[in-house]
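Visitor: I would like to learn how to read a protein model by eye. Could you walk me through one?

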Amino acid sequence: MSERKANAEWSGSLLEGEGKIALGSGMFEGAFSFATRMGDDPGTNPEELLGASLAGCYAMALNATLEKKGTPAKSVKAEAKVYLGKDEAGFKINRIDLETVADVPGISAEDFAAVAEEVKGGCPISRALAATNITLKATLAG
């Protein structure tokens, strides 16, 4: 199977330092810091990239599954909200709220909800995040 990579670099102290995260493809590079991770300063952070990975994987997998079942989607949009928290062991991802809206002609709301839930547990990024509580809100457009 294919190998994908990303890299990160950090310089300086935790609070005043800064880092950069880059995709191996060269398609994205972003700055991050303590303030972009724990606050609202402009920049990216690992949790945001994790959310993007899940949303992208889920949207593609849902589209493919709907197509295989004979009800291809016109469009699938997904958003993942990643919640960073803390427990007795330290910082952790508390949960991820995944929301999708899809335009799928010819499918009932019940069938769509079942497929959406099935895909949530099966896309590769969801499987990699199995220890994290991922909620799903799936809505048919229109």
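Guide: We will go from the overall layout to the helices, the core and a pair of rings. Keep in mind that this is a predicted model.

Visitor: Let's begin with the layout. How many helices and strands does the protein chain have, and in what order do the elements run?

Guide: The protein chain has four helices and six strands. Read from the N terminus, the order is β-β-β-α-α-β-β-α-α-β. Along the principal axes, the C-alpha atoms fill a box of roughly 55 × 35 × 30 Å. Of the 142 residues, 31% are buried. Among contacts with a separation of 6 or more, 49% join residues 24 or more positions apart.

Visitor: Now a helix. What span should helix α2 have, given its 23 residues?

Guide: At 1.5 Å a residue, α2 (residues 46-68) should span 33 Å, and its end C-alpha atoms are indeed 33 Å apart, so the two agree. Look at the ends as well. At the N-terminal end, Asn45 acts as a cap, with a side-chain oxygen 3.1 Å from the backbone nitrogen of Glu47. Just after the helix, Gly70 adopts a positive phi of about 90°.

Visitor: Which residues of α2 are buried, and what do they pack against?

Guide: The buried set includes Glu47, Gly51, Leu54, Cys57, Tyr58, Leu62 and Leu66. Packed against the buried residues of α2 are the helices α1 (34-38), α3 (109-122) and α4 (124-128), along with the strands β4 (75-87), β5 (90-103) and β6 (133-140).

Visitor: How should I think about a nonpolar core?

Guide: The general idea is that in soluble globular proteins, nonpolar side chains tend to be buried together. Here, the largest nonpolar core has 23 residues, and those with the most contacts inside it are Leu54, Leu62, Leu66, Val104 and Phe112. At least two residues of this core come from each of α2, β4, β5 and α3. The most come from α2, which gives eight residues. For a close view, take Leu66: beyond four places in sequence, its contacts are Thr71, Pro72, Ala73, Val104, Ile107, Phe112 and Val115.

Visitor: Where do the buried residues of α3 fall when seen down its axis?

Guide: First, the helix itself: α3 has 14 residues and reaches 20 Å from first C-alpha to last, close to the 20 Å expected. Its buried residues are Phe112, Val115, Ala116, Val119 and Lys120. They fall within an arc of 145° seen down the axis, so they line one face of the helix. The face turned away from that buried side carries the exposed residues Glu110 and Gly121. Elements covering the buried residues include α2, β5, α4 and β6.

Visitor: Which residue far along the chain comes close in space to Ile93, and what else does Ile93 touch?

Guide: Ile93, in strand β5, is 39 residues from Thr132 in sequence, with 7.0 Å between their C-alpha atoms. Outside four places in sequence, Ile93 contacts Glu47, Leu50, Val82, Tyr83, Leu84 and Thr132.

Visitor: And what describes a pair of aromatic rings?

Guide: Such a pair is described by the distance of the centres and the angle of the planes. This structure holds one aromatic pair. Trp10 and Phe32 form it, in a tilted arrangement with 5.3 Å centre to centre and 55° between the planes. The pair links distant parts of the chain, since Trp10 is in strand β1 (residues 6-11) and Phe32 in strand β3 (residues 29-32), 22 residues apart.

Visitor: Are these two rings' residues buried or partly exposed?

Guide: Trp10 counts as partly exposed because its relative accessibility is 34%, whereas Phe32, at 11%, counts as buried.

Technical notes:
Residues numbered from 1 in each chain as written. Predicted model: local features only at pLDDT ≥ 70, side-chain atom pairs only at ≥ 80, totals over all residues. Heavy atoms only, no water. Expected span 1.5 Å × (residues − 1). Buried < 20%, exposed > 50% of the residue type's maximum accessible area, 1.4 Å probe, protein only. Contact = heavy atoms within 4.5 Å. Polar contact = N/O pair within 3.5 Å; in protein donor to acceptor, adjacent residues only side chain to side chain. Core = buried A, V, L, I, M, F, W, Y, C linked by side-chain atoms within 4.5 Å. Arc of directions from axis to C-beta. Phe/Tyr/Trp six-rings, centres within 6.5 Å; stacked < 30°, edge-to-face > 60°.
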